[in-house]
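Visitor: I have not looked at this one before. Can you walk me through it?

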Amino acid sequence: MAAVIKRDLVEKLVGRAASDGDGVKLKRVFGGTGAERFDPFLMLDEFGSDQAADYVGGFPSHPHRGFETVTYMLEGRMLHEDHLGNRGLLEPGGVQWMTAGRGIIHSEMPQQDAGLMRGFQLWVNLPAAEKMQPASYRDLPAGDITECTLPGGGLARLIAGDLGISGELCTGPIGGKTTDVLYADLQLGKDETCELPVASHLNAMLYGYEGELRIEGREEALITAGQLGRLGEGNSIALRAGPEGARVLLIAGKPLREPIVQYGPFVMNSREEIEQALRDFRSGQLAS
Ligand code: CO
């Protein structure tokens with residue numbers, strides 16, 4: 001058996017206030033310039049508000065090409081509709097995994113005008129060879145997310161990939177991606193500790209969204225709600241929740257190590273491919 005090497009925190013980031021879609025207020029944890037170090041991930045947004053004015057505008061019709069979007073709802077309901085007539089309702093605890101591929105034009109609109117709307121959107125890059133595949137979706141209601149009990153009694157909700165928990169393999173509903181994505185929502189109780197394998201070929205990070213969490217690598221580091229910890233090399237993570245417990249996203253994936261050229265909702269490998277995407281969008285060919 002290979003030696004266990006705990007991953008250390010190598011960088012801590014705080015999400016910054018941003019606005020996207022039709023005035024939706026959100027927290028951009030990372031994205032855009034400098035996102036290469038999170039390869040294969042391009043962006044992570046957290047949205048959360050009980051003020052309707054912060055979200056009712058939603059995300060009206062807009063295009064994507066060249067990557068995947070993963071929307072994970074904690075609270076609230078969002079309706080997704082695309083140019084092909086696909087409709088899907090995202091409800092609390094559910095996930096929509098959209099592979100934009102060569103192109104999708106869609107809207108994502110809140111189905112409420114009061115109450116709490118809360119969740120995350122993660123952008124996962126596609127390798128060059130898969131960027132122009134036809135668009136596809138997986139709509140995963142809350143009951144389709146794999147739930148596993150952690151050794152300390154907490155809960156892992158596994159959206160993608162495999163997680164070895166106390167020697168047993170827990171498998172999420174999404175798998176087989178070239179990017180080997182591991183995406184889990186870990187809910188730890190007060191002072192709970194947890195050690196999990198995270199394969200050494202994956203880039204890994206933790207995003208705290210409730211409570212606080214210590215990353216117990218060779219050195220100890222603290223992550224509080226709203227902070228992202230990018231992790232260094234190793235094959236396991238060791239965590240200890242604070243006195244209020246912690247909720248944290250564990251996100252890991254295999255880096256593609258390809259050039260990233262992004263123009264808004266188009267992410268390709270070269271300037272020429274971006275220009276082609278713009279031409280295709282203007283001529284109505286993007287998603288046909
Ligand atoms: Co979108």
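Guide: Keep in mind that this is a predicted model. A good place to begin is the metal site, where a cobalt ion is coordinated by His62, His64, His106 and Glu108.

Visitor: Which atoms do the holding, and at what distances?

Guide: The three histidines each use NE2, and Glu108 uses OE, at 2.1 to 2.6 Å from the cobalt ion.

Visitor: What is the geometry of the site called?

Guide: The site is irregular, with angles of 83 to 176° among the four donor atoms of the cobalt ion. For reference, the ideal angle for four tetrahedral donors is 109.5 degrees. Four donors count as tetrahedral if all angles lie between 85 and 135 degrees, so the range of 83 to 176° at the cobalt ion does not fit that class.

Visitor: How are the donors spaced along the chain?

Guide: The spacing is H-x1-H-x41-H-x1-E. That brings together distant parts of the chain: His62 belongs to strand S5, residues 59-64, and His106 to strand S10, residues 104-110, with the two histidines 44 residues apart.

Visitor: Are His62 and His106 buried or exposed?

Guide: His62 is buried, at 17% relative accessibility. His106 is buried as well, at 1%.

Visitor: New topic. How many disulfides are there?

Guide: A search of the whole structure finds one. Cys148 and Cys170 form it, with 1.6 Å between their sulfur atoms. Cys148 sits in strand S13, residues 146-149, while Cys170 sits in strand S16, residues 168-171; the pair is 22 residues apart and links distant parts of the chain.

Visitor: And where are those two, at the surface or buried?

Guide: Cys148 and Cys170 are both buried.

Visitor: What about Cys194?

Guide: Cys194 is in no disulfide, and the nearest cysteine sulfur, that of Cys148, lies 11 Å away. A disulfide needs two cysteine sulfur atoms within 2.5 Å, so at 11 Å Cys194 and Cys148 do not qualify. Cys194 itself is buried, at 4% relative accessibility.

Visitor: I see a lot of strands. Which ones make up a sheet?

Guide: One open sheet has seven strands, in the order S2-S3-S4-S11-S6-S9-S12, with antiparallel pairing. Its edge strands are S2 (16-20) and S12 (136-140), each of which pairs on one side only. From one strand to the next, the twist averages 20°.

Visitor: Can you zoom in on one pair from that sheet?

Guide: Take S3, residues 24-31, and S4, residues 41-49: four bridges join these antiparallel strands. Arg28 stands opposite Asp45 in S4.

Visitor: Where is there a hairpin?

Guide: S19 and S20 form one, with three residues between them. The two strands, S19 at residues 203-216 and S20, run antiparallel and are joined by five bridges. Glu216 stands opposite Glu220 in S20.

Visitor: Which way do the side chains of S20 point?

Guide: They alternate along S20, residues 220-224. Ala221 and Ile223 point to one face and are buried, whereas Glu220, Leu222 and Thr224 point to the other and are not buried.

Visitor: Last topic, charges. How many salt bridges are there?

Guide: A search of the whole structure finds 20. One of them joins the side chains of Glu11 and Arg37, at 2.5 Å from N to O. Glu11 is in strand S1, residues 9-14, and Arg37 is in the loop between S3 and S4, 26 residues apart.

Visitor: How exposed are Glu11 and Arg37?

Guide: Glu11 is buried, with a relative accessible area of 17%, while Arg37 is partly exposed, at 33%.

Visitor: Any others to look at?

Guide: Arg77 and Glu91 meet in a salt bridge at 3.4 Å, N to O. This one runs from loop to loop: Arg77 lies between strands S6 and S7, and Glu91 between strands S8 and S9, 14 residues apart. Arg77 is partly exposed, with a relative accessible area of 34%, and Glu91 is partly exposed at 40%.

Visitor: Which partner does Asp191 have?

Guide: Asp191 forms a salt bridge with Lys190, the closest N and O atoms being 3.6 Å apart. Asp191 is partly exposed, at 41% relative accessible area, and Lys190 is exposed, at 61%.

Visitor: Which residues are linked in a network of salt bridges?

Guide: Arg118, Asp185, Glu210 and Arg247 are linked that way.

How values were computed: Residues are numbered from 1 along each chain as its sequence is written. This is a predicted model: local features need pLDDT of at least 70, side-chain atom pairs count only at pLDDT 80 or more; totals for chains, interfaces and linings use all residues. Side-chain values use heavy atoms; hydrogens and water are left out. Donors are N, O and S atoms within 2.8 Å of the metal (3.2 Å for Na, K and Ca); water is not among the atoms, so sites may look incomplete. Four donors count as tetrahedral if all angles lie between 85 and 135 degrees; four count as square planar and six as octahedral if opposite donors are over 155 degrees apart and all others between 65 and 115; anything else is irregular. Buried means under 20% relative accessible area, exposed over 50%, partly exposed in between (1.4 Å probe, protein chains only). Two strands pair if DSSP finds at least two bridges between them. Axes are lines fitted to C-alpha atoms, for helices over the stretch in contact, and angles run from 0 to 180 degrees between N-to-C directions. A salt bridge is a side-chain nitrogen of Lys or Arg within 4 Å of a carboxyl oxygen of Asp or Glu.
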